[in-house]
Each structure stands twice: as structure tokens, then as C-alpha cells.
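Please read this report with the model open beside you. It moves from rings to helices, then to a hairpin and charged pairs.

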Amino acid sequence: DQIKAADNDLRNAVASLSGAALDWRPLGEETSSLYILAVHTIGVQRSYIARVVGRTVERDRAEEFRSHGEDITPIMAQLDQAEKDIEAWLDEITPEMLEARHTIGPQEFSGTGLLAYTVRHVSEHVGHAGMTRQLWDHHAASA
């Protein structure tokens, strides 16, 4: 439910934006566009939750941060599919999966801990998306 709530906030952040708005970076290359934030958020939630249930999802994190596009529609379709996949995967969780250990970079998590970390990580990026949308709206109104 928390992932779905964050995903709905992400949908609201990118709703009805032009390609220029989707690719706009508030502080240039040092920040992420809404398009990047959407692609990265999907990558995070799919790959981490898949890991908890013993699945592998192909992901190129570096490419997520290079992504750009004029149309968010295909990305939102990926978000819809990610939600369906995640819901099905969560139905497969066993107590052993929740106890299993997972290493992400320098951090180690139990399955339960990785689920909690995923919700937090996704929520942070969706918060970034909301702020980026506010900055874009201000930028566009000032132009």
C-alpha cells in the first residue's frame, strides 16, 4: 500500500507535463529530472522487492540516471506493470524470505529490512519528484 501511495504521488508529479518539463533539471546536471526520477523509482522498487522474493530483475542504475524523454506515457505503463508484478511477488513471500539476508552496496538487510528500505527509498525519490514539479511550475510561471 505504501508503494502504491508513493506511485500515485509520482503520477501526480509528472501529470500533464511537456517533454521539456519532464527533462528539466532544476540545477543542471547536478540534479535529476522528473523523467529520471520516475525511471529510477521504478528500477528501485522492482529490483529490491524482486530480490526479497528470490527473483532477478535486469537493471542498469547508471542508465536510469541518463534517461530522458518527451513522453512519460511508456514510463507510466512500466510503473503500472511494476505495481502488478510487486503485488504478485508479495503474495509469494514466506517467513524464510523475510529472514534471508541481502546485501545492497555496503549495507546488509533482512528481507523485512529490505522491504522497509525500499518503501523509504522510493518515498524519498517521490518527494524529490514532488519538489521538482513545484520548482518547474514556479520556473514555468516566471518565464
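How many aromatic pairs does the count come to? The count comes to three aromatic pairs. Rings of Phe, Tyr and Trp (its six-membered ring) pair if their centres lie within 6.5 Å; planes under 30 degrees apart count as stacked, over 60 as edge-to-face and the rest as tilted. One aromatic cluster is formed by Tyr48, Phe109 and Tyr117.

This is a predicted model, in which local features need pLDDT of at least 70, side-chain atom pairs count only at pLDDT 80 or more, and totals for chains, interfaces and linings use all residues. Residues are numbered from 1 along each chain as its sequence is written, and side-chain values use heavy atoms, leaving out hydrogens and water.

## Two helices

Helices (H or I, at least four residues) and strands (E, at least two) are DSSP runs, numbered from the N terminus. The expected span of a helix is 1.5 Å times one less than its number of residues. The table sets out two helices.

| Helix | Residues | Number of residues | First to last C-alpha | Expected span |
|---|---|---|---|---|
| α3 | 34–52 | 19 residues | 27 Å | 27 Å |
| α5 | 73–90 | 18 residues | 26 Å | 26 Å |

In α5, the span agrees with the expected value. In α3, the reach is close to the expected value.

Next comes burial. Buried means under 20% relative accessible area, exposed over 50%, and partly exposed in between (1.4 Å probe, protein chains only). Helix α3 is mostly covered, with 17 of its 19 residues buried. Thr41 is found in this helix. Thr41 counts as buried because its relative accessibility is 0%. What does Thr41 contact, leaving aside its neighbours within four places in sequence? Thr41 is in contact with Leu10, Val122, His125 and Val126. Contact here means heavy atoms within 4.5 Å. Just after α3, Gly54 takes a positive phi of about 80°.

Now look at α5. Its buried residues include Ile75, Met76, Leu79 and Trp89. Glu83 and Asp85 are also buried there. What covers the buried residues of α5 includes α1 (2–14) and α3. Trp89 touches Arg46, Ile49, Ala50, Val53, Arg55 and Val57, leaving aside its neighbours within four places in sequence.

## The core

A nonpolar core is a set of buried Ala, Val, Leu, Ile, Met, Phe, Trp, Tyr and Cys residues joined through side-chain atoms within 4.5 Å. The largest one has 38 residues. Which residues have the most contacts inside it? They are Ile72, Ile75, Met76, Trp89 and Leu114. The elements that give two or more residues to this core are α1, α2, α3, α5 and α7 (111–142). The largest share, 11 residues, comes from α3.

## A loop and a hairpin

Ser16 lies in the loop between α1 and α2 (19–23). Its phi is near 55°, a positive value in a residue other than glycine. Is Ser16 buried or exposed? Ser16 counts as exposed because its relative accessibility is 73%.

Strand β1 (residues 101–104) shows alternating side chains. His102 and Ile104 point to one face and are buried. Arg101 and Thr103 point to the other and are not. β1 pairs with strand β2 (residues 107–110) in the antiparallel sense, over four bridges. Two strands pair if DSSP finds at least two bridges between them. Thr103 stands opposite Glu108 in β2. The two strands form a hairpin with two residues between them. In the turn, Gly105 has a positive phi of about 60°.

## Charged pairs

Side chains of opposite charge can pair when their charged atoms come close. A salt bridge is a side-chain nitrogen of Lys or Arg within 4 Å of a carboxyl oxygen of Asp or Glu. The whole structure holds 11 salt bridges.

One of them joins Lys4 and Glu87 at 2.8 Å, N to O. Lys4 lies in helix α1 and Glu87 in helix α5, so the pair ties together parts 83 residues apart in sequence. Lys4 counts as partly exposed at 34% relative accessibility. Glu87 is partly exposed too, at 43%.

Arg11 and Asp80 meet in a salt bridge at 2.6 Å, N to O. Arg11 lies in helix α1 and Asp80 in helix α5, so this pair ties together parts 69 residues apart in sequence. Asp80 counts as partly exposed at 36% relative accessibility. Salt bridges that share partners join Arg11, Asp80 and Glu83 into one network.
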